[in-house]
Amino acid sequence: MENQMAPDDAILFSVVDGIARITLNRPERKNAVDESMWRTLTQLLTELRMRSDVRVLVISGSGDAFCAGADVAKSTQVEHPIRRLSRIGDVAMALFELPMPVIARVDGVAAGAGANVALACDLVIASSRARFSQIFALRGLSIDFGGSWLLPHIVGLQQAKRLALLAEVIDVDEAYRLGLVTWVKPQDELDAFVDETAARLAALPPIALTQTKRLLNEGAVNALRDAIANETAAQAVNFATEDVPAAFRAFLGKSDPPAYTGRWALS
């Protein structure tokens, strides 16, 4: 088990049994992310990208909110806005491109960049009290943290325009109907379901999941011919790991799934 914290405890980080957890920990500000937190998130996501022992990442917020977005009230005016916003964009790309599956555990409000943090994750598990808002317009801002790409890809262009232009707050049922949420659970069942889902993902072949995630992300914008070519290359990599023959032996022998390692099997 490994635990790390930002100097001000604003971000909690741990890795246990292959499951990494990042918790935004400013409940008094509904976990709004200030500039030092953006820097810490960049460092953590960069580290996670290089760690072969981490199979899954879970992102959550402490208290009664997921994330209220960027803490604009605390932003310094010394640095040029382009640099500050580039830092936010770097976090968005680092999160979206993580090789392992990422779960957003959303309890309470997810607004602005906070809503798009959830959308940049692979699976969104929300409590019955979760709420979502592309609140930017009400702050005199345009959409960011990758929302201009993520939102229309998830809900379609017309619904994306509705959510972004009107800056509506929608409840979890509407979010689920639009496809922003993968599962909705009662608040008292949320953590158990998140833990179960993370454990299920952690037990699956890590290389295969990494490639499937990449293929799906790229397939959303690639032509079919490109997608099929990428799938062929990815399967060749899978066949070179220990996991494929182990999975076939278990299937043919009608035995329990093996312990997947992702190790390279060719010398």
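**Contacts and exposure along the chain**

With a relative accessible area of 41%, D191 is partly exposed. The model in which this residue is seen is a predicted one. D191 forms a salt bridge with R105, and the closest N and O atoms of the two are 2.6 Å apart. This pair links distant parts of the chain, for D191 lies in helix α7 (residues 190–202) and R105 in strand β6, 86 residues apart. R105 counts as buried, at 14% relative accessibility. The salt bridge thus joins a side chain that is partly exposed to one that is buried.

A second salt bridge is formed by the side chains of K213 and D122, with a distance of 2.9 Å from N to O. Here too the pair links distant parts of the chain: K213 belongs to helix α8 (residues 206–219), D122 to the loop between α3 (113–119) and β8 (123–127), and these positions lie 91 residues apart in the numbering. In this pair the lysine, K213, is buried, at 10% relative accessibility, whereas D122 is partly exposed, at 30%. Salt bridges that share partners also join R26, R29, D34 and D71 into one network.

A further example is the salt bridge in which the side chains of D53 and R51 meet, at 2.8 Å from N to O. D53 counts as partly exposed, with 41% relative accessibility, while R51 counts as buried, with 15%. Across the whole structure, a search finds 15 salt bridges.

Aromatic rings provide another kind of contact. Three aromatic pairs are counted in the model. In one of them, the ring centres of F96 and W149 are 5.5 Å apart and the ring planes stand at 75°, so the pair is edge-to-face; the cut-off for that class is an angle over 60 degrees. Because F96 lies in helix α2 (residues 81–96) and W149 in helix α4 (residues 147–155), the pair ties together parts that are 53 residues apart in sequence. W149 is partly exposed, at 33% relative accessibility. A charged residue also meets a ring: K185 lies over the face of F193, at 4.4 Å from the ring centre.

The loop that follows helix α2 and leads to β6 (102–106) contains L98. This leucine is buried, with a relative accessibility of 2%. L98 and V56 are separated by 42 residues in sequence, and their C-alpha atoms are 9.8 Å apart in space.

At the surface, V237, W264 and L266 make a nonpolar patch of about 310 Å². W264 is found in the segment after α10 (243–252). Its relative accessible area is 54%, so W264 counts as exposed.

The cysteines can be considered next. A disulfide is a covalent bond between the sulfur atoms of two cysteines. A search of the whole structure finds zero disulfides. C67 takes part in none, and the nearest cysteine sulfur, that of C121, is 11 Å away. Why is the sulfur of C121 not in a bond with that of C67? The sulfur in C67 is the closest cysteine sulfur to that of C121, but the distance of 11 Å is too far for a bond; the cut-off for a disulfide is 2.5 Å. Both cysteines are in the buried class: C67 has a relative accessible area of 1%, and C121 has 7%.

Two backbone positions in loops complete the picture. K30 has a phi near 50°, a positive value in a residue other than glycine. K30 is placed in the loop between β3 (19–24) and α1 (35–49). For A167, phi is near 55°, again a positive value in a residue other than glycine. A167 is found in the loop between α5 (157–166) and β10 (169–171). Which of these two residues is buried and which is partly exposed? K30 is partly exposed, with a relative accessible area of 35%, whereas A167 is buried, with 4%.

Conventions
Residues are numbered from 1 along each chain as its sequence is written. This is a predicted model: local features need pLDDT of at least 70, side-chain atom pairs count only at pLDDT 80 or more; totals for chains, interfaces and linings use all residues. Side-chain values use heavy atoms; hydrogens and water are left out. Rings of Phe, Tyr and Trp (its six-membered ring) pair if their centres lie within 6.5 Å; planes under 30 degrees apart count as stacked, over 60 as edge-to-face and the rest as tilted. Helices (H or I, at least four residues) and strands (E, at least two) are DSSP runs, numbered from the N terminus. Buried means under 20% relative accessible area, exposed over 50%, partly exposed in between (1.4 Å probe, protein chains only). A charge sits over a ring if NZ of Lys or CZ of Arg is within 6 Å of the ring centre and within 35 degrees of the ring normal. Patches are made of residues with over 30% relative accessible area and no salt bridge: like charges are joined within 9 Å, nonpolar side chains (Val, Leu, Ile, Met, Phe, Trp, Tyr) within 5 Å. Accessible areas come from the Shrake-Rupley method with a 1.4 Å probe; for residues, only the protein chains shown count as cover. A salt bridge is a side-chain nitrogen of Lys or Arg within 4 Å of a carboxyl oxygen of Asp or Glu.
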